[in-house]
Amino acid sequence: MKIFAETERLILRELEHTDTNDLFEMDSDPEVHLYIENNPVKSIDEITKVIEMLKKQYKENGIARWAVVDKLTNECIGWSGLKYFNQPLNKNNNFYELGYRFKKKHWGKGYATESSIAILDYGFSNLNVDKIFAITDPKNVNSKKVLSKLGFDFKETFDYEGDPTDWFELKKTTWENKKPNR
Ligand SMILES: CC(C)(COP(=O)(O)OP(=O)(O)OC[C@H]1O[C@@H](n2cnc3c(N)ncnc32)[C@H](O)[C@@H]1OP(=O)(O)O)[C@@H](O)C(=O)NCCC(=O)NCCS
């Protein structure tokens with residue numbers, strides 16, 4: 001199993017089928033899905049398909065959302081990572097987008113920010129890009145706080161399949177000059 005990064009409290013590695021129960025606990029929670037299509041999963045089968053899709057992305061793109069594992073308990077507490085877009089979105093194409101999702105019981109502990117710092121370090125060092133993007137529901141205050149702490153700039157609200165969606169970007173130069181400590 002490939003480990004991509006390690007932080008003070010977390011290990012970031014590829015998601016595996018052994019993470020199924022943890023992802024089901026997270027993704028069947030309506031509060032977790034409130035600002036992401038509001039359609040929590042109802043069956044283990046849906047999670048199996050998600051993990052298959054991620055394994056395909058690891059193979060094709062070398063990167064995708066990673067499992068975030070608590071070093072002390074070995075629990076997979078959620079995922080965080082870069083998704084490669086090779087289809088146009090909001091006038092951009094061939095770009096990486098940062099995303100994160102955690103079990104509700106692990107919100108408010110700084111894990112989204114801590115994992116994202118390691119991911120952005122990895123992205124700007126290993127992928128040949130000068131910008132990384134992020135998108136979020138304008139009402140998703142928790143997510144927007146994470147992006148702001150990381151140094152992302154809000155650019156505009158655009159129409160994402162009928163839903164108003166906020167578009168953020170982080171320049172490599174900004175990251176190198178203003179990287180947060182954690
Ligand atoms: C979005 C989401 C990942 C944010 O998680 P989060 O836990 O609120 O984010 P952070 O990791 O930045 O932690 C937040 C708080 O932990 C607190 N915290 C507690 N212990 C901490 C520690 N040791 N280190 C750092 N922060 C700590 C911080 O004070 C911070 O609050 P603040 O920003 O008000 O100061 C989470 O709400 C989630 O999973 N939502 C559902 C899925 C979703 O909407 N994903 C985003 C789609 S765009």
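Helix α1, residues 20-27, is a good place to start in this predicted model. Three of its residues are buried: Leu23, Met26 and Asp27. Seen down the axis of α1, these buried residues fall within an arc of 85°, so they line one face of the helix. The general geometry helps here: an α-helix has 3.6 residues a turn, so residues three or four places apart point the same way. The cover over the buried residues of α1 includes α2 (44-61), β4 (76-85) and β5 (95-102).

**The chain as a whole**

- The chain holds five helices and eight strands.
- Read from the N terminus, the order of elements is β-β-α-α-β-β-β-α-β-α-β-β-α.
- The chain has 182 residues, for which a compact globule would have a radius of gyration near 16 Å; the value for the chain is 16 Å, which agrees.
- Along its principal axes, the C-alpha trace spans about 40 × 40 × 35 Å.
- Of the 182 residues, 29% are buried.
- Among contacts with a separation of 6 or more, 56% are between residues 24 or more positions apart.

**Strands β2 to β5, taken one pairing at a time**

- Strand β2 (residues 10-13) pairs with β3 in the antiparallel sense, over four bridges.
- Within that pairing, Ile11 has Val69 in β3 as its bridge partner.
- Strand β3 covers residues 65-70, and five of its six residues are buried, so β3 is largely enclosed by the rest of the structure.
- On to the next pairing: β3 and β4 run antiparallel and are joined by five bridges.
- Here Ala67 stands opposite Trp79 in β4.
- Together β3 and β4 form a hairpin, with five residues between them.
- Strand β4 is mostly covered too, with seven of its 10 residues buried.
- Strand β4 also pairs with β5, again in the antiparallel sense, over eight bridges.
- Trp79 appears once more in this pairing, where its bridge partner in β5 is Arg101.
- As a general guide when looking at side chains, those in a regular strand alternate between the two faces of the sheet.

**Around the ligand**

- There are 20 residues around the ligand, and those that come nearest are Gly110, Ala112, Thr113, Thr136 and Asn142.
- The elements giving two or more residues to this shell are β5, α3 (111-126) and α4 (141-150).
- Helix α4 provides the largest share of the shell, four residues.
- Sorted by class, the shell has nine nonpolar, seven polar and four charged residues.
- Strand β5 therefore turns up in several places in this briefing: β5 is among the elements covering the buried residues of α1, β5 pairs with β4, and β5 gives residues to the shell around the ligand.

**A closer look at Ser143**

- Ser143 is found in helix α4.
- Is Ser143 buried or exposed? Ser143 is buried, because 21 other C-beta atoms lie within 10 Å, and the cut-off for a buried residue is 20 or more.
- Ser143 and Lys71 are 72 residues apart along the chain, and their C-alpha atoms are separated by 23 Å.

**Two asparagines with positive phi**

- Some background first: most residues other than glycine have a negative phi.
- Asn38 is not a glycine, yet its phi is positive, near 55°.
- Where is Asn38 placed? Asn38 is in the loop between α1 and α2.
- Asn38 counts as exposed, because it has 9 C-beta neighbours inside 10 Å, and a residue is exposed at 12 or fewer.
- Asn74 has a positive phi as well, of about 70°, although it is not a glycine.
- Asn74 lies in the loop between β3 and β4, in the turn of the hairpin those strands form.
- With 8 C-beta neighbours inside 10 Å, Asn74 also counts as exposed.

Conventions. Residues are numbered from 1 along each chain as its sequence is written. This is a predicted model: local features need pLDDT of at least 70, side-chain atom pairs count only at pLDDT 80 or more; totals for chains, interfaces and linings use all residues. The arc is that of the directions from the helix axis to the C-beta atoms. Two residues are in contact if their C-beta atoms, placed from the backbone, lie within 7 Å. A residue is near a molecule or strand if its C-beta atom, placed from the backbone, lies within 6 Å of it. Ala, Val, Leu, Ile, Met, Phe, Trp, Tyr, Cys and Pro count as nonpolar, Asp, Glu, Lys and Arg as charged, and the others, Gly among them, as polar. The radius of gyration is taken over C-alpha atoms; the globule rule is 2.2 Å times the number of residues to the power 0.38. Two strands pair if DSSP finds at least two bridges between them.
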